[in-house]
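Hi everyone, thanks for making time. I'd like to walk you through a structure that's new to most of you, so here it is.

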Amino acid sequence: MFLHSFPKLANISTVFFVVSSYQIEGAVNEDGRGPSIWDTFCKIPGKIAGGATGDVACDSYHRTHEDIALLKECGAKAYRFSISWSRIIPLGGRNDPVNEKGIQHYSKFIDDLHAAGITPLVTLFHWDLPDELDKRYGGFLNKDEFVADFANYARVLFNAFGSRVKHWITFNEPWCSSVLGYNVGQFAPGRTSDRTRNPVGDGSREPWIVGHSLLVAHGAAVKIYREEFKAQDGGEIAITLNGDWAEPWDPENPADIEACDRKIEFAISWFADPIYHGKYPDSMAKQLGDRLPKWTPEDIALVHGSNDFYGMNHYCANYIKAKTGEPDPNDVAGNLEILLQNNKGEWIGPETQSPWLRPSAIGFRKLLKWLSDRYNHPKIYVTENGTSLKGENDLPLEQLLQDEFRTQYFRDYVGAMADAYTLDGVNVRGYMAWSLMDNFEWAEGYETRFGVTYVDYENGQKRIPKQSAKAIGQIFKEYIEKSSSL
Ligand code: GBH
């Protein structure tokens, strides 16, 4: 059954992989590409571990053939990647010129993927906003300008690639753009109320404005797709949201139990409730008051009902402890603490290289069910799932390639997904592993690796598949065949 519910994307032994433009492409000054906010952010000393940048990254701009060969070697039938807006429109805006070379690059890549029997899933935006739009009008902070420019960019892509791309994702993880970019200040453009990090920004207001702009821009792009392209191209379109599972810090404490739902609402329902229910969650309206933007009838009409599937990025789980007292104005979590240990001192999962990531596969199954219940049983694609490994970067190559921890992660998580499907009736139809290869891990630079393929940054970006690259196809076969025989 699982098999037969996957066919739109690929067949049973399907492995999908994910990457994003700024994290792999490099070639930042080539063929007319304009700078993005990440090029600018990486130049600020102290923002990125090891002073790294995406200038070269995996050099994928020059190695599309190698990447496709790698996908074939891993048995992948589909590939999710993002397009760099500033390659397509270097200055970004609706009255700015389109760069034919940028179009040609992705056009050829899409053709080559098809020729190799690999289905492309395209993300329009994975955080690399054209820098000019940030400078010109404050980027996402200016809803009307941003929505009009994103809508124009989306139309350019649908026009150029719509006959060959049938699965579109508007935004990757708007939570990250909003909170990490405008509250924590850890991601570009790095705005925050924390004056030790940045002289500008208001983390109590800006993230909510940014999130609102992203939702409306998503809705505007979906409307264009549905009205101008869907009839002839027949594809589907949605947004991808990140969110981890929440367990109470003290399972006996009703306040902690309640805080778990609130945590997920602040992370996921912030975006998913307007899309599926036409309004922001009550918990957010209550805590944020007039700092949460109000919906105009026009804007919510664009957003409500705008997902053809639910795009789910998921990595781990946390313990949640309710805070007492009035929430801090800069709080974005729902007035609670996000912890990795519970009241008994137990860790939620084993340590990885990412301070925020401790695997707990059962949480994946539970969150799938939670989403399914809250959003009326949507078709779900898991658009990212994966792990880093503690100390991986420091291992001798031979050991590094034996990434049993990552292999086990995929076994556990794919197994949990199969259970959600067969036992809980969750309509999950696709799964994509983050990531095909090690790449630029944002503020963590190249020190943290997420790939099933090792990239040797010192030696010409050579790619060497790890154990997990070979195992994941097999894992899929086992679990999905098992569930399909039930
Ligand atoms: C994904 O985000 C991204 O889409 C991808 O580009 C990235 O490479 C991949 O994960 C691996 O990180 O520091 O406590 O504020 C994952 C979701 C959400 C994970 C925010 C890190 C930071 C939590 N991310 N989270 S915290």
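Let's start with a cut-off: a disulfide here is a pair of cysteine sulfur atoms within 2.5 Å. With that in mind, and remembering this is a predicted model, a search of the whole structure finds zero disulfides. Why is Cys74 not in one? Its closest cysteine sulfur belongs to Cys58, and at 14 Å that's too far for a bond. Cys260 is in no disulfide either, with the nearest cysteine sulfur, in Cys316, 14 Å away. Both Cys74, at 9% relative accessible area, and Cys260, at 5%, are buried.

Okay, on to charges. Side chains of opposite charge can pair when their charged atoms come close. How many salt bridges turn up in the whole structure? The search gives 35. One of them joins Glu247 and Lys366, with the closest N and O atoms 2.7 Å apart. Glu247 sits in strand S6 and Lys366 in helix H14, so this pair ties together parts 119 residues apart in sequence. Glu247 is partly exposed at 22%, and so is Lys366 at 33%.

Now stay with H14 for a local pair: Asp373 bridges to Lys369, at 3.0 Å between the closest N and O atoms. They're four residues apart in that helix, so about one helical turn separates them. Asp373 counts as exposed, at 53%, while Lys369 is partly exposed, at 31%.

Last stop, helix H10, residues 206-233. Look for a kink of about 45 degrees, centred on Arg226. The helix is mostly covered, with 20 of its 28 residues buried. Right after H10 comes Gly234, with a positive phi near 70 degrees.

Technical notes: Residues numbered from 1 in each chain as written. Predicted model: local features only at pLDDT ≥ 70, side-chain atom pairs only at ≥ 80, totals over all residues. Heavy atoms only, no water. Bend = angle between axes of the 7 residues up to and from the residue. Helix = DSSP H or I, 4+ residues; strand = E, 2+ residues; numbered from the N terminus. Buried < 20%, exposed > 50% of the residue type's maximum accessible area, 1.4 Å probe, protein only. Salt bridge = Lys/Arg side-chain N within 4 Å of Asp/Glu carboxyl O.
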